[in-house]
Amino acid sequence: MATIAFIGLGNMGGPMAANLAKAGHEVRAFDLSQAVLDTAVEQGCKAAQSAQEAVKGADFVVSMLPAGKHVESLYVSGDSPLFDIIGQDALVIDSSTIDADTARRVAEEGAKRGIAFVDAPVSGGVGGAQAGTLTFIVGGSEEQFAKAQPVLDVMGKNIFHAGEHGAGQIAKVCNNMLLSILMAGTCEALNMGVKNGLDPAVLSEIMKQSSGGNWALNVYNPYPGVMENAPASKGYQGGFQVDLMFKDLGLAMDVSQQSASSVPMGSAARALFSLHKAKGNGNLDFSSLLKLYQDS
Ligand code: NAD
């Protein structure tokens, strides 16, 4: 069993760390929020007083932070950066969704100090994090991927090696751009059906079994009351915040700009989420986009 430092215990990191502890690893957990740290301890993790304390002598360091600036600051540029403390035998696995340039830069800074770093963003949502069925999309060398795999296997079901450093993040933003389009389309269709007298549960079942079926309908229905465990049925609390989807769509727009890839559907989805965020919904789950249609 390994000693694993886990930094960032939010909606995703909390259950991921809990699964590592359940599997018998020693998980030294740290978050800036005491409330989520307390929950992690209830789930079998050991609380560290700081990220620096957590990583001392750890075999693996896993981070699950909001964005690139948090990751770069933690490892490289902040006060007491972790790359000054992490041992050379350790592997750093960053599962946050961040821009590929930052992931590559942090990997290079790690390499200069003899520390291995992989980008390993995830897909599968909070449900996948709790069930240990996440998809991991890894960017790094073959050797680093092989070393990460046993740890990722505990938290996920499908583990992909996308390519070199940064490739995991590129694949992840392609996926999330598609997800935003699927969610917007699902909200649009459900809203139109309900406005024309259909029951949202009946319409959802019909579309699930028809050619419109997709992940949003199958596991994340945006209509309140249709799916008991979906954020829509819990006041759009928990889950994947609009702010984070907005960040990911910004990353997708940057990638499209840098590569001159045309993304008209992604741009439209970004405009919708931007409008929804501007109306004060940034901290709701992203399936709350339905409200934008209902209010218009
Ligand atoms: P979250 O906001 O719930 O959690 C982030 C946590 O990081 C917070 O608890 C915060 O206190 C902590 N944090 C921030 N800076 C820190 C620091 N310097 N040291 C220690 N802790 C720090 O976010 P989340 O939903 O768990 O998402 C985390 C990442 O995973 C994001 O990059 C997101 O885009 C990605 N993601 C989220 C989902 C989802 O469904 N929520 C799915 C896939 C990927």
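Two residues are taken to be in contact here if their C-beta atoms, placed from the backbone, lie within 7 Å. With that in hand, the layout of this predicted model can be walked through from the domains down to a single pair of helices.

The chain splits into two parts: domain 1 covers residues 3-163, and domain 2 covers 170-295. Taken over C-alpha atoms, the centres of domain 1 and domain 2 sit 27 Å apart. Where the domains meet, 13 residues of domain 1 are in contact with 14 residues of domain 2. On the domain 1 side of that meeting, helix 6 (residues 125-131) gives the largest share, with three residues. As for the make-up of this side of domain 1, seven of its residues are nonpolar, five are polar and just one is charged.

Next comes a pair of helices, helix 8 (residues 167-195) and helix 12 (residues 264-281), whose axes come within 9 Å and cross at roughly 65°. Angles of 65 to 115 degrees count as roughly perpendicular, so helix 8 is described as roughly perpendicular to helix 12. The crossing of helix 8 past helix 12 is left-handed.

Which residues make the contact between these two helices? From helix 8 come Met177, Ser180, Ile181 and Ala184, while helix 12 brings in Met265, Gly266, Ala269, Leu272 and Phe273. Sorted by character, the residues of this helix 8 and helix 12 contact come out as seven nonpolar and two polar, with no charged ones. The side of domain 1 that touches domain 2, by comparison, does include one charged residue.

How values were computed. Residues are numbered from 1 along each chain as its sequence is written. This is a predicted model: local features need pLDDT of at least 70, side-chain atom pairs count only at pLDDT 80 or more; totals for chains, interfaces and linings use all residues. Domain bounds come from an automatic or database domain assignment. Helices (H or I, at least four residues) and strands (E, at least two) are DSSP runs, numbered from the N terminus. Ala, Val, Leu, Ile, Met, Phe, Trp, Tyr, Cys and Pro count as nonpolar, Asp, Glu, Lys and Arg as charged, and the others, Gly among them, as polar. Axes are lines fitted to C-alpha atoms, for helices over the stretch in contact, and angles run from 0 to 180 degrees between N-to-C directions. Angles under 35 degrees count as roughly parallel, over 145 as roughly antiparallel, 65 to 115 as roughly perpendicular and the rest as oblique. A crossing is left-handed if the near helix is turned anticlockwise from the far one by less than a right angle, and right-handed if clockwise.
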